[in-house]
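These are my notebook entries on a protein–DNA model, kept in the order in which I looked things up. I wanted to see how some of the helices pack and what lies around the DNA.

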2 protein chains.
Amino acid sequence: MDFGVRSQPVSARDAVYAQLREQILKLELPPGTPLSENETSVLFGVSRTPVRESFLRLAQEGLVQVLPQRGTFVSLIDTALVEEARFMREQLERAVIRLACGEFPQEALTRLEMNIRQQEVCIEAQDDKSMFELDESFHRILFDGCGKRNIWAVMQQMNAHLNRSRMLRLVDDHNWAHLYEQHRLMLEAVKAKDGAGAERLMTEHLSLNIADQALLKEKYPNYYK
Amino acid sequence: MDFGVRSQPVSARDAVYAQLREQILKLELPPGTPLSENETSVLFGVSRTPVRESFLRLAQEGLVQVLPQRGTFVSLIDTALVEEARFMREQLERAVIRLACGEFPQEALTRLEMNIRQQEVCIEAQDDKSMFELDESFHRILFDGCGKRNIWAVMQQMNAHLNRSRMLRLVDDHNWAHLYEQHRLMLEAVKAKDGAGAERLMTEHLSLNIADQALLKEKYPNYYK
DNA sequence: ACTACCATACTACCATACAAGTATGGTAGC
DNA sequence: GCTACCATACTTGTATGGTAGTATGGTAGT
């Protein structure tokens, strides 16, 4: 019986796309890695067509670069793009959390509470992977609750670049406790409907991401453009 | 000799994509129109492959909807999506024009001046098509001047939906004179480095877009979801 | 030793064939 | 006349062959 855990029968194309995207974001496929349609197709056990289509989709999102008749490569991290992504995210997150302070469905509020609790558990367990996902979820729930899930979706496109940079940072420094505390305070502000305070917290929260972009570029020079 | 007017040899895929996109945005292919991979391929004189790939790209941008084994259709206009697009654009345009009031390259300022002059000409000539493009250019130049062209690019993705709605409105009412006046005032504000004033003008300017979404939905019910 | 050249082995792009699912119109049975 | 069914003609998804352009390593000539 199908319990509806996956509403779509997942095409080969989507499966390949999803897996490649994840590997690129997690830096398992580091920037600059060449990707071959042929190799990938035998790896996934499908033909070149779905592989090619997934490459095109990744290219549109800027995660890979397709050079006609030469090859396809995982994109190098573009610092300018990362900063633009951060800027964009800051503007939208601020606007959304201010909205959330005005009107916010109870259901979404509950999900935020649950998310926070889960963060506590993951910090104790030092589960970085889950923590990263919970961080993402926290912000997505805010957008969801404000009826702005499409904005979240297109933002994710630029976020992909920002996230690769964040991922590099996490190798050295986790600092989840600090991020957790900020999440907690933001939730408090939303519940107290303190728009100005929430905006300020969000700005602070997101400014952490960009802190030492230049240092990273020095440390991992061949990952950057 | 190649004067470099086109840096890329334009693949068949990109040609098909660009033309379909324009026809969809200009409502020459109205919402709901079925698109056949086969028909389109003979129409453009290419095989199904590049057509299919262009369909996939349009689908990712939400301009067409692909129903596996059933067909591909030009997406209906989603009012919720239009409102999200407007909201997103407002936040980003406000932030950018405020930036522009702080620091803005002379070269971009000159392009804005030129753009304004061209608008004057087009209004006299009642050239709607050019006016629409100049309107777009005006805002793009602002993003460009602030080094935010990638943000503009991803924003265009959601803007596609907003623009179809705007296009419907233009059938009845042009009102270019008003928009021109607002553009002119915004340029003045940027030159005077009046951030607060520029933001206010921009908010006003963009709020026009959404005015009578409900009316449009009543007038063209089968274009909307 | 160094350079120019060329065969070779890649690459992505496009065309085409086949597979699998869906809508539809006609027909047999009631 | 009405309904259930099925052949058929669609649709998109996938596989594969062929083409043109590019990078590369080896070789002949200097």
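**Entry 1: α4(A) and α4(B)**

I began with the pair formed by α4(A) and helix α4 of chain B, residues 79–102, whose axes come within 10 Å and cross at roughly 125 degrees. The model is a predicted one, and I read every value below with that in mind. Angles over 145 degrees would count as roughly antiparallel, so I noted α4(A) and α4(B) as oblique to each other, with a right-handed crossing.

I then listed the residues that meet: A:F87, A:M88, A:Q91, A:L92, A:A95, A:V96 and A:L99 from α4(A), and B:F87, B:M88, B:Q91, B:L92, B:A95, B:V96 and B:L99 from α4(B). By class this contact has 12 nonpolar and 2 polar residues, and no charged ones.

**Entry 2: α4(A) and α9(A)**

Next I looked at a pairing inside chain A, where helix α4, residues 79–102, packs against helix α9, residues 195–207, at an angle of about 155 degrees and with the axes 9 Å apart. The two helices α4(A) and α9(A) are therefore roughly antiparallel to each other, and their crossing is right-handed.

On the α4(A) side I found A:R86, A:R89, A:E90, A:E93, A:R94, A:I97, A:R98 and A:C101, which meet A:G195, A:A196, A:A198, A:E199, A:M202, A:T203 and A:L206 of α9(A). I counted this contact by class as 6 nonpolar, 2 polar and 7 charged residues.

**Entry 3: DNA strand C**

Turning to the DNA, I found 23 residues around strand C, the closest being A:R52, B:A12, B:S47, B:T49 and B:R70. Which part of the strand do the atoms of DNA strand C within 4 Å of the protein belong to? I noted that 70% of them belong to sugar or phosphate, and the rest to bases.

I looked up three individual polar contacts with this strand. A backbone N or O atom of B:A12 lies 2.7 Å from a phosphate oxygen of DNA strand C, and a side-chain N or O atom of A:T72 is 2.9 Å from a phosphate oxygen of that strand. With a base, I noted A:Q69, whose side chain has an N or O atom 3.3 Å from a base nitrogen of DNA strand C. The elements giving two or more residues to this surface are α2 (37–44), α3 (48–60), β2 (64–67) and β3 (71–74) of chain A, together with α1 (12–25) and α3 (48–60) of chain B; α3(B) gives the most, with 3 residues. By class I recorded 7 nonpolar, 9 polar and 7 charged residues near DNA strand C.

**Entry 4: DNA strand D**

For strand D I again listed the surrounding residues, 23 of them, of which A:A12, A:S47, A:R48, A:T49 and B:R52 come nearest. Sugar and phosphate make up 61% of the atoms of DNA strand D that come within 4 Å of the protein.

Two phosphate contacts went into the notebook: a side-chain N or O atom of A:R13 is 3.3 Å from a phosphate oxygen of DNA strand D, and one of B:T72 is 3.1 Å from a phosphate oxygen of DNA strand D. I also recorded a base oxygen of DNA strand D at 2.9 Å from an N or O atom in the side chain of B:R48. The largest share of this surface, 3 residues, comes from α3(A).

Notes. Residues are numbered from 1 along each chain as its sequence is written. Chains are lettered from A and ligands numbered from 1 in the order in which they are written. This is a predicted model: local features need pLDDT of at least 70, side-chain atom pairs count only at pLDDT 80 or more; totals for chains, interfaces and linings use all residues. Side-chain values use heavy atoms; hydrogens and water are left out. A residue is near a molecule or strand if one of its heavy atoms lies within 4 Å of it. A polar contact is a pair of N or O atoms within 3.5 Å; within protein, one must be able to donate a hydrogen and the other to accept it, and residues adjacent in sequence count only if both atoms are side-chain atoms. Helices (H or I, at least four residues) and strands (E, at least two) are DSSP runs, numbered from the N terminus. Ala, Val, Leu, Ile, Met, Phe, Trp, Tyr, Cys and Pro count as nonpolar, Asp, Glu, Lys and Arg as charged, and the others, Gly among them, as polar. Axes are lines fitted to C-alpha atoms, for helices over the stretch in contact, and angles run from 0 to 180 degrees between N-to-C directions. Angles under 35 degrees count as roughly parallel, over 145 as roughly antiparallel, 65 to 115 as roughly perpendicular and the rest as oblique. A crossing is left-handed if the near helix is turned anticlockwise from the far one by less than a right angle, and right-handed if clockwise. Contact means heavy atoms within 4.5 Å.
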